[in-house]
Amino acid sequence: MKILLTSSHTLGWAGDLNPANGLLEELKESLDVPIRCVMVSSYPDDVEITDRMAWEIRECFDRAELPFKEFKVLDRRTQNSVGRMLRRANFIILCGGHVPTENSFFNDLHLKWRLSSFDGVMLTISAGSMNCAGTVYSSPELEGESLDPNYRIHLEGLGLTDVNILPHFQNLKKATLDGRKLVDDIVAGHSWQHPVWCLPDGSYFLIEGERTELRGKAYRMKDGKLRLVCHDNERKLLLPNGKLIKQDQ
């Protein structure tokens, strides 16, 4: 399995596939034709949001000359067909959205077990990328979540990586939630338990087998401290000990 663990795959809402840091090139090189895609919804019970996401994904791939031979939407409407849908797919997209909502749906699908035999390409977006971790860092997002004593910061994820990301960092670094700074006051405090990779849109991790490569600008939040660790148009190999080694392109 090859995983492209992204913050966002497009240039803005309903925009083209983002070519930054080789993402578009990597997709074109990696995807087998004909492309048989399954899009897994992050809002399985919201038909309007799910169908809008499906439209956006099909449009941007068509514009990139990566048309789908088959395109199936996996949400509550199609949940009972999950096994057949995934067996036919060679490309899976995990959508972005609300991390706990998507995580719950993944558990309903037994997706961790179902993906254990998948040998194609996976594109994960925002919350979909966050839920790929074995132990998911579910950063509070909605008003009240950071104050709720019952809100679960850590969830069981798909176990496809140890990488915990905070997506859309270019927008979140100055964001506030429940009267506090999201990054400086909330995420920083949680980073003592698990380091967090803060990714702006356009940056991503490429995961294939035991190899994990960081591509593009990224920051690492660890023990309450934020540090720039990679630049745009730069690639670094992530070692098991958390260190990064610059790669030649």
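**Strand β16 and the Asp75 loop**

In strand β16 (residues 235-238), Arg235 and Leu237 point one way while Lys236 and Leu238 point the other, and all of them are buried. That's the pattern to expect, because side chains in a regular strand alternate between the two faces of the sheet. The model is a predicted one, and everything here should be read with that in mind.

As for neighbours, β16 pairs with strand β13 (residues 211-215) in the antiparallel sense, over three bridges. Strand β17 (residues 244-247) also runs antiparallel to β16, and here four bridges join the two. Lys236 turns up in both pairings: Lys236 is the bridge partner of Leu214, and Lys246 in β17 is the bridge partner of Lys236. So this lysine, buried like the rest of its strand, is bridged to Leu214 as well as to Lys246.

The link from β16 to β17 is a hairpin, with five residues between the two strands. Gly242 sits in the turn and has a positive phi of about 95 degrees.

Elsewhere in the chain there's Asp75, which is found in the loop between β3 (68-74) and α3 (82-88). Despite the loop setting, Asp75 comes out as buried, because its relative accessible area is 1%, against a cut-off of under 20%. Its side chain makes a polar contact with the side chain of Arg77, at 2.7 Å. Leaving aside residues up to four places away in sequence, Asp75 touches Ser41, Pro44, Thr50 and Phe105.

Technical notes
Residues are numbered from 1 along each chain as its sequence is written. This is a predicted model: local features need pLDDT of at least 70, side-chain atom pairs count only at pLDDT 80 or more; totals for chains, interfaces and linings use all residues. Side-chain values use heavy atoms; hydrogens and water are left out. Buried means under 20% relative accessible area, exposed over 50%, partly exposed in between (1.4 Å probe, protein chains only). A polar contact is a pair of N or O atoms within 3.5 Å; within protein, one must be able to donate a hydrogen and the other to accept it, and residues adjacent in sequence count only if both atoms are side-chain atoms. Contact means heavy atoms within 4.5 Å. Two strands pair if DSSP finds at least two bridges between them.
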